[in-house]
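Colleague: I would be grateful for a close look at one part of this model, the enclosed space within it and the elements around that space. Please add what is needed to judge the setting.

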Amino acid sequence: MADDKKIIFSGMQPSGLITLGNYLGALNNWTKLQDEYNCLYCIVDMHAMTVRQDPAALRKQSRDLLMQYIACGLDPEKNIIYYQSHVPQHAELSWILNCFTYMGELNRMTQFKEKSQKHADNINAGLFTYPVLMAADILLYQADLVPVGEDQRQHLEITRDIADRFNKIYGDVFTIPEAYIPKVGARIMALQNPDRKMSKSDENKNNTIALLDPPEVVMNKIKRAVTDSDNEIRFSEDKPGVSNLLSIYCAVTGKTIPEAEAEFKNCGYGTFKATVGEAVAENLKPIQARFNELSKDKAYIDGIIKNNAERASRLADRTLRKVHKKIGFPPRI
């Protein structure tokens, strides 16, 4: 990694396929960062363990996520794309940082409260200390910037607090990360519930379009998308379903909202949805073709997994050796 570039760290759980919302809202812009920044994109399979996982499914989803990253244009030579579980320094630093994190801080985390309600039969310690592992993920690589949505801002704040606390005790050990506010991508909403964002964790699969959905599935999901009863195609707050489809159409075609409104001025919803569906399916074709190529090249993907884990481990070791020395662990011989 180039020493003169700032470091960006981001992680995504392998809990399902990347959605059109993930791609148009964030991932499409990530490909533009790889020349300007040193980027680490972590498949956070350790974080996924806070809920019960099917082992075979987790392995497949982790590999699929890595291949989708590459299929979307992230270069595994320019970026470090790796599995969290393949870099044990994440867990080791997490334990150390647990000892510098207060119970009151973790009690205030809103995601713990929300996930505890959602998984009431499995409120485990990992769910509670999840933000500390996230802090370790970021601080391990001396990340300058972390792309965050509103739901992750609280986690970045506790990361900054932990780093600052540690630095005040032991000196300048960790870089204090800042939020990276990326160029605004398209805000893609759920197809059946256009009042909330499209999410890969949504249990209603008709709400989402996955990057690997076949064209006929894409078409059917778009056809079933919520609109309204007045059959007028315009972008407006009082027409969230139609507005969402217009946003999707413009994001995949490069057209502006006024251009799209003019194009569909005399169309009914049936024609409108069919055109949007075709545009989305066409946009996903090259990603799906690249993913299929990667799926067939086991040796290439295995090589990326091994090499990128080694690259991440070398960087992680720099920080961890410094931490060990500062806190008084005996040197490793």
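Modeller: The account below begins with confidence, turns to the cavity, and then moves outward to the loops, the strands and the cysteines.

The model is predicted, with a mean pLDDT of 91 for the protein, and 96% of its residues reach 70 or more. Confidence is not uniform among the elements: helix H3 (residues 89–98) has the highest mean pLDDT, at 98, whereas helix H5 (residues 110–118) has the lowest, at 72. That matters for the part in question, since H5 is one of the contributors to the cavity lining. Where pLDDT is low, predicted coordinates should not be read in detail.

The count comes to one cavity of 30 Å³ or more, and the volume of the largest cavity is about 50 Å³. Its lining is formed by Met-109, Gln-111, Phe-112, Lys-115, Leu-127, Tyr-130, Pro-131 and His-155. Both H5 and helix H6 (125–139) supply at least two residues each to this lining.

The loop between H6 and strand S4 (145–147) contains Gln-142. This residue has a positive phi of about 55° although it is not a glycine. Most residues other than glycine have a negative phi. Gln-142 is buried, its relative accessible area being 17%. A second such case is Asn-231, with a positive phi of about 60° and likewise not a glycine. Asn-231 lies in the loop between helix H8 (215–223) and helix H9 (240–253); with a relative accessible area of 41%, Asn-231 is partly exposed.

Elsewhere in the chain, strand S2 (residues 38–43) pairs with S3 in the parallel sense over four bridges. Between these two strands the chain passes through helix H2 (residues 55–71), in a β-α-β crossover that is right-handed. Within the pairing, Tyr-83 of S3 is the bridge partner of Ile-43. Along strand S3 (residues 80–83), Ile-80 and Tyr-82 point one way while Ile-81 and Tyr-83 point the other, and all are buried.

Finally, the structure holds zero disulfides. The sulfur of Cys-250 has its closest cysteine sulfur in Cys-267, and because the two are 14 Å apart, they are too far for a bond; a disulfide would require the sulfur atoms to be within 2.5 Å. The surroundings of these cysteines can also be stated: Cys-250 counts as buried at 9% relative accessibility, and Cys-267 counts as partly exposed at 23%.

Conventions: Residues are numbered from 1 along each chain as its sequence is written. This is a predicted model: local features need pLDDT of at least 70, side-chain atom pairs count only at pLDDT 80 or more; totals for chains, interfaces and linings use all residues. Side-chain values use heavy atoms; hydrogens and water are left out. Buried means under 20% relative accessible area, exposed over 50%, partly exposed in between (1.4 Å probe, protein chains only). Two strands pair if DSSP finds at least two bridges between them. A crossover is right-handed if, with the strands pointing away from the viewer, the path from the first strand over the helix to the second runs clockwise. pLDDT is the predictor's confidence in each residue, from 0 to 100. On a 1 Å grid over the protein atoms alone, a cavity is a set of points where a 1.4 Å probe fits but cannot get out, and a pocket is an open set with protein on both sides within 12 Å along at least five of seven lines; lining residues have an atom within 4 Å of a point. Grid points are joined across faces, edges and corners, and a volume is the space filled by probe spheres set on the points.
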